[in-house]
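Here is a short report on one protein model and the ligand it holds. Look over the sequence and the fold, then read on.

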Amino acid sequence: MNKKSNPSNKEKRQKRKEEQHRIKLAMQVVDCANSLNDPLESFPVFQRFSKNGIDATLYVKRVTHLDKDVKDWIYDLTKRNMKENYESCSWGWNDKKKYEELMDESAWYLVSQLTNGKLLGFSHFRFDLDEGIEVLYCYELQLEPEVQRKGLGKFMMQILELVAFTNTMKKVVLTVLKNNEHSIFFKNINYVVDETSPMDCDEEEYPYEILSKANKRLITTA
Ligand SMILES: CC(C)(COP(=O)(O)OP(=O)(O)OC[C@H]1O[C@@H](n2cnc3c(N)ncnc32)[C@H](O)[C@@H]1OP(=O)(O)O)[C@@H](O)C(=O)NCCC(=O)NCCS
């Protein structure tokens, strides 16, 4: 049969075209979110956390707009909280690699601090395409040990979900290390194993899993 008239080739070409179009539209959604000045601007209620003895303010900034002392603290807290977990699995800890990831120019930060300026916690997130889908990817959520288990982490994840879903991201995605005792936190706030999470098999065991929460509004109207 003539190649050009093969209906299955035609179908494949059409499917490829549709997929390219879908990815182009998804990229436009990501670009639009990345062009925001302050994703938290319209939500003053989420700029303050007063609970369990903590009175904190919260803001969102691009990494390029953070002060140097805040960037230094972000790196230091990540290392204090995570180095041991990284070192006790196949990932290992690499100062330079982690610093570069945290300071990548596509990084956004949600930062919480006391009114006197003491820094309490942060989330590093990005608006990005993940497997061709527009998502808010939460790279880190790190709190100072003395403010853990007081509801601040849950509040910060609610902010990420608000920012993600008001900017029509399809889901919030994150990677957790299986050896991190804190990973249970995400399941507690209704994150589930994502379809892109790798499955352990005889040949390979993965030290991490990928969790996500879907934008229900987009799923039901799709
Ligand atoms: C994980 C972390 C961000 C959670 O934030 P947090 O402010 O301590 O958690 P919250 O107080 O908001 O807890 C929310 C819920 O999760 C539960 N939870 C939180 N941490 C938990 C833990 N380690 N084990 C079991 N349950 C936990 C809380 O009991 C709470 O449940 P409730 O709503 O039924 O009361 C914080 O503990 C932290 O920074 N840990 C160190 C860094 C880390 O591991 N980050 C995650 C990997 S990126």
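A residue counts as near a molecule if its C-beta atom, placed from the backbone, lies within 6 Å of it. The model is predicted.

**Around the ligand**

There are 20 residues around the ligand, and L143, Q148, G153, K154 and H182 come nearest. Three elements give two or more residues to this shell: β5 (133-143), α4 (152-166) and α5 (184-188). The top contributor is β5, with 4 residues. By class, the shell has 7 nonpolar, 8 polar and 5 charged residues.

**Overall fold**

The protein has 6 helices and 8 strands. Along the sequence they follow the pattern α-β-β-α-α-β-β-β-α-β-α-β-β-α. The C-alpha trace spans about 75 × 45 × 30 Å along its principal axes. Of the 222 residues, 24% count as buried. Among contacts with a separation of 6 or more, 63% join residues 24 or more positions apart.

An unreviewed UniProt entry lists residues 72-213 as "domain: N-acetyltransferase". Over residues 72-213 the chain is 31% helix and 32% strand. The end C-alpha atoms of that stretch are 30 Å apart.

**The sheet**

How are the 8 strands ordered in the sheet? The order is β1-β2-β3-β4-β5-β6-β8-β7. The sheet is open, and its pairing is mixed. At the edges are β1 (48-51) and β7 (192-193), each of which pairs on one side only. Strands of a sheet pair through backbone hydrogen bonds, either parallel or antiparallel.

Four of the strand pairs are set out here, each with one pair of facing residues.

| Strands | Sense | Bridges | Facing residues |
|---|---|---|---|
| β1 and β2 | antiparallel | 4 bridges | R48 and T57 |
| β2 and β3 | antiparallel | 7 bridges | A56 and L114 |
| β4 and β5 | antiparallel | 10 bridges | F122 and Q142 |
| β5 and β6 | parallel | 4 bridges | L136 and V172 |

Two of these pairs are hairpins. β1 and β2 have 2 residues between the strands, and N52 takes a positive phi near 50°. β4 and β5 also form a hairpin with 2 residues between them. Here E131 in the turn has a positive phi of about 50°.

β5 deserves a second look. It is mostly covered, with 9 of its 11 residues buried. One of its residues, L143, is the bridge partner of G121. L143 is also among the residues that come nearest to the ligand. On its other pairing, β5 runs parallel to β6.

**The nonpolar core**

In soluble globular proteins, nonpolar side chains tend to be buried together. In this model, the largest nonpolar core has 37 residues. Within it, L110, L136, C138 and L160 touch the most other members. The elements that give two or more residues to this core are α1 (7-34), β2 (54-62), β3 (108-114), β4 (119-130), β5, α4 and β6 (171-177). α4 gives the most, with 7 residues.

Which residues does L160 contact, leaving aside its neighbours within four places in sequence? They are L110, S123, F125, L136, C138 and V172. Three of these, L110, L136 and C138, are listed with L160 among the core members that touch the most others. L136 and V172 are also bridge partners, with V172 in β6.

**L162 in α4**

L162 lies in helix α4. Is L162 buried, exposed or partly exposed? It counts as partly exposed because it has 16 C-beta neighbours inside 10 Å. A buried residue would need 20 or more, and an exposed one would have 12 or fewer.

Not counting residues up to four places away in sequence, L162 touches F43 and F46. P39 is another distant residue in sequence to compare. L162 and P39 are 123 residues apart in sequence, but 9.4 Å apart in space, C-alpha to C-alpha.

**Two elements to keep in view**

β5 and α4 come up in both settings. Both give two or more residues to the shell around the ligand. Both also give two or more residues to the largest nonpolar core. In the shell, β5 gives the most. In the core, α4 gives the most.

Methods:
Residues are numbered from 1 along each chain as its sequence is written. This is a predicted model: local features need pLDDT of at least 70, side-chain atom pairs count only at pLDDT 80 or more; totals for chains, interfaces and linings use all residues. Ala, Val, Leu, Ile, Met, Phe, Trp, Tyr, Cys and Pro count as nonpolar, Asp, Glu, Lys and Arg as charged, and the others, Gly among them, as polar. UniProt positions are given in the numbering used here, feature names are shortened, and annotations may be inferred rather than shown by experiment. A nonpolar core is a set of buried Ala, Val, Leu, Ile, Met, Phe, Trp, Tyr and Cys residues joined through C-beta atoms within 7 Å. Two residues are in contact if their C-beta atoms, placed from the backbone, lie within 7 Å. Two strands pair if DSSP finds at least two bridges between them.
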